[in-house]
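Please open the model in your viewer and keep the sequence panel beside it. The tour below suggests what to select at each stop and tells you what is there.

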Amino acid sequence: MSTVTTSRPIVDGERPPGHTDAPGRRRTRRLVRPSTPMVLLALALLLPTAALLGGGGWPQALRVDLVPALDSFADWVVDNRETHPVFLYFLLHLSNAATDSVAWVHDLLTAAGWAGVLTAATALAWYAGGAGRRGAGPALIALGSLAGCGFLGLWEQATETLALMLVSVVVAVVLGLLLGLAGGLSDTAQRILRPVLDTMQVLPSFAYLLPLVLIFGIGTPSALITTVIYAMPPMVRMTTLGLRGADPAVLEASRSLGSTSWQRLWTARLPMARPQLLLGLNQTIMMALSMVVIASVVGAGGLGESVYQALKTRDFGQGLTAGLAIVLIAVWLDRTTAAAGARGGVPVGRRGTGLVLVAAGGGLLAGSSAGGEWPEAVTVDIAAPLNTVVDWLVGNLYQDVPVLGGTSVWAGNFTSWVLNPLNNGLQALPWWSLLLLAAAVALLVGTWRGASTAVLALSCIGVLGIWDKALYTLSQVLVAVALTLLLGFAIGILAARVRTVERLLRPVFDAMQTLPQFIYLIPVVQLFNAGRVAAITAAAVYALPAVVRVTTQGLKQVSPAALEVSRSLGATTWQQIRDVQWPLARPALLVAANQGVVLVLAVVVIGGLVGGGALGFDVVKGLTAGELGTGLIAGAGIVCLGLALDKLTQPAGRPALTHHSH
Amino acid sequence: MDGHDSVFSVRGLWKVFGPKAARVPGDPRLTALTTAEIRERTGCTVAVRDVSFDVRRGEVFVVMGLSGSGKSTLVRCLTRLIEPTAGELAMDGEDVLAMDPARLRELRRHRAAMVFQHFGLLPHRTVLDNVAYGLEIQGVAKGERRARAREVIAKVGLAGLEDRRPNQLSGGQQQRVGLARALAADPEVLLFDEPFSALDPLIRRDMQEEVARLHQEEGRTMVFITHDLAEALKLGDRIALMRDGAIVQLGTPEEIVTRPADDYVRDFVRDVPREQIVPVSRAMRPAIGDEADRGTVLAPDATVAEGVAAVARDGVPARIEADGVLLGVVDHTRLLAVVAGLAPDEANYADPDAGTGALAIPGMREDGVDTDAGPGADADAPKGKAATTPMDAPATGQGTDTDPVTA
């Protein structure tokens, strides 16, 4: 029988995705993947010997000190920023356009007044929901969320954040659409884009702040571009996915009617990709929001600035208030875009559209005459009571707790019994044995290519002369990841087996994932004192939701038939988990581990702000103290560490993981 | 050839998938091999293999074969949705393979429209806008294309459902939308790619009758792809039977059933209820005695089934008349011989004189045939095309892939 099925003929030039590189990948894996016991044996022999031989540290001869060169380059940039043609004719325009557009949107929002913005947002949400009864939910959420920002006394800050958000989301969506179109329509573009996107996804956003600051200085342009870079990948990915997922039967029918490729794109591909495009928009907005605080480090004002200041002054109440406002904005935008997606492209009637326009117009008129400031009288101060609660907690838990000792004691013990030994152990190992270890782990988990990337990335760290600092950071990451995975798998298994647990956890995790990473730092700093323990705890808390979620999903996707068989054979609950669910869910668990690593790294770096030290601290120092050379190298080190850790935990043939914000 | 009479004219058409596919049709060492051997030797899959035929104006041309026989690839080659590897292809005498993209789009927009197995409807559009889609692509203004779409929707029996979306329709209704979309462009030819395979049997019969009715009313040329023999026999004026990319037999339903070209075709048509296909004229003999004055009068192209009914009812042979002239009679022995698929010399006719006439059933198989009609027999289905189709196609003999053109 011929392989060409007549119902779905193979069309020239169209191949199933992944078809081309599949054989090659299979071949390399079959050739070089060693057996697990062999690798373990080799490691068991090697590591003790290496530790005995001692030495440690990256050899001086293999280092290249780039700091002076980078510093002088930074000086050159600072000196020539006003005069050099590249700046004058390109970057300056970019910078001015960014500043102007954000300022313009901010002025617009201010001119519309709080009442105007409120009505316009509500009307828009109602329209997105179909301008009928089903639009009522999103509309109410929009109204409540924005009014909430006002009640919290953060209207002005919210407006600033919103202005930056709107501009960066528009830019990210437009660029993402264009790149996504390229990736969706051209295989070559897709081949180029995919690894870039994969890499961008694992980079801690902190890493690319410095180059931007170097070029644009602290201010709106840096904040805008950082946000755009961070928020764009999901738009590109979803656009590509939507275009490539178009039903081939429809495209063929369109072709058979004599459509041009442009007509096909416009009438079939794009409309059919609408759900994915809206999901991309949704994710882009969420990603942009999660950058609000980090952007404030390089000069964005608004809510992020409030959180950042609160972190500096350890004012938990203020920090959480501003964080809450960010969550409210996130909820509003999420529900509005989700409603537009759920509508499924059913057009809104003419009457609904008219009503929306009239309402928005009326609101804007009323708002602009009423003025831009939210009335002082209608605000609630929740910062003070929150601080009282935290103070009470700290006062009672920090130290001198009978028997248990208190959090500061725990932190001290944890540092001296876990963190320090691990760090010292890592430092004591010779550098080459660590490279070997990394290669072995990457080979066991993933592919040959992943292993070489990991080794290369680690070597870069050594060459850059920040080996010791990177190990210091690495020890924190390892502890935090272990903590996260232990907790995450335990909770994940529980949630997969007990429905109530999952239902209770879901809303909590949703909120936790939208809160800026910084929020977690404030209370733990107060409980554990500034230092590594605080950074690790914050990181574990931050990464936990994603790990639990992926674990639960993985366990629940295990075929019910296999479970039923094991039950019918009389397996105990533990046997079911160990023999059926665990092995079958292994790929999902590896993805969970990978996500945990990426997320933990992002926060541990931020932990540099509160005494996590090492690489994160250097980046912050580079930003705040103007030591750009040191900061840039630390940033590069973070990138390398991120790449290496990602490859060490990336299962072979893993599909692009869904980003952590969703 | 008679270019004005045939809509599509296909000569030596090849479609080969795979690396360096173009070398296969031109290489006599390769073309001598079977499809499986070619795949083994070159890695190429031959989907359509040296196919030649003509689609005559106004006929329903059915391409039939099992899945993998290349029939869907073949129909896509006709409008170059799949680019043929080699051969000649003309529509209304114009070389299709020489057309530039614009001219080809013109062909697809106005001259040939296709109905697909999986409908291919735009999920985000209403029925009305789906039907108007082809006109939109042609650049027809909104008001006009909607008005025309409404007419076509009424014609296919979907009036009142204009504002529904495809996912609110049943499979049969969705395919009616697909049919309406193809009709809206008022094309010269309708191409059907297994349009009813995805539908359940009752709906399928409705749709087949719908197509038969449309063909009767409009006389539009149709090329119909199917893997269902009953459907092919019911709708087709002529049937091309495909196997491994080549046409193994091309002929009228009657020829396919009564004179299979090879064992493959014979196997294929084994269970066909031949009394539904074969006309009574095949069982005719001269009248003897008073037979010319008695019995029901039948037309020559009435089916054997109708003859059986008439003879069973009257108890005497039925008369065959054309334009009031008596051509002969059929009796129960001869009708049964057709049903049984017996060769003339096997039949033990009551009257040996009459049995030696030229009207014996030609080409009948020697071995006995299961006289039970196949389970797919559809005794009541009207044979809508019978009225428009002259049963004049001469026997093309065997191996029609070498000389498929019946002049």
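**First stop: a sheet in chain B**

Select strand S12 of chain B, residues 318–322, which pairs with S13(B) in the antiparallel sense over five bridges; helices (H or I, at least four residues) and strands (E, at least two) are DSSP runs, numbered from the N terminus, and two strands count as paired if DSSP finds at least two bridges between them. In general, the strands of a sheet pair through backbone hydrogen bonds, either parallel or antiparallel. Now pick B:Arg319, whose bridge partner in S13(B) is B:Val329. Widen the selection, and you have an open sheet of three strands in chain B, in the order S11-S12-S13 and with mixed pairing. Strand S11 (297–298) and strand S13 (325–330) of chain B stand at the edges with a single partner strand each, so one side of each has no neighbour in the sheet.

Before you go further, please note that this is a predicted model, in which local features need pLDDT of at least 70 and side-chain atom pairs count only at pLDDT 80 or more, while totals for chains, interfaces and linings use all residues. Residues are numbered from 1 along each chain as its sequence is written, chains are lettered from A and ligands numbered from 1 in the order in which they are written, and side-chain values use heavy atoms, with hydrogens and water left out.

**Second stop: chain B as a whole**

Select all of chain B, which has 16 helices and 13 strands. Of its 407 residues, 55% are buried, where buried means under 20% relative accessible area, exposed over 50%, and partly exposed in between (1.4 Å probe, protein chains only).

**Third stop: two cysteines**

How many disulfides are there over all chains? The count comes to zero, a disulfide being a pair of cysteine sulfur atoms within 2.5 Å. Select B:Cys44, which is in no disulfide, and then B:Cys77, which holds the nearest cysteine sulfur, 15 Å away. That distance is too far for a bond. B:Cys44 is buried, with a relative accessible area of 0%, and B:Cys77 also counts as buried, at 0% relative accessibility.

**Fourth stop: salt bridges**

Over all chains there are 35 salt bridges, each being a side-chain nitrogen of Lys or Arg within 4 Å of a carboxyl oxygen of Asp or Glu. Select A:Glu252 and B:Arg76, which form a salt bridge with their closest N and O atoms 2.3 Å apart. Because A:Glu252 lies in helix H10 (residues 248–256) of chain A and B:Arg76 in helix H4 (residues 71–78) of chain B, this pair joins two chains. Are these two residues buried or exposed? Both A:Glu252 and B:Arg76 are buried.

Move next to B:Arg220 and B:Glu218, a salt bridge whose closest N and O atoms are 3.0 Å apart. Here B:Arg220 is buried, with a relative accessible area of 10%, whereas B:Glu218 counts as partly exposed, at 29% relative accessibility. Then select B:Arg57, B:Asp92, B:Glu94, B:Arg103, B:Arg111 and B:Glu188, which are joined into one network by salt bridges that share partners.

**Last stop: helix H6 of chain A**

Finish with A:Leu175, which is placed in helix H6 (residues 155–185) of chain A and is partly exposed, with a relative accessible area of 39%.
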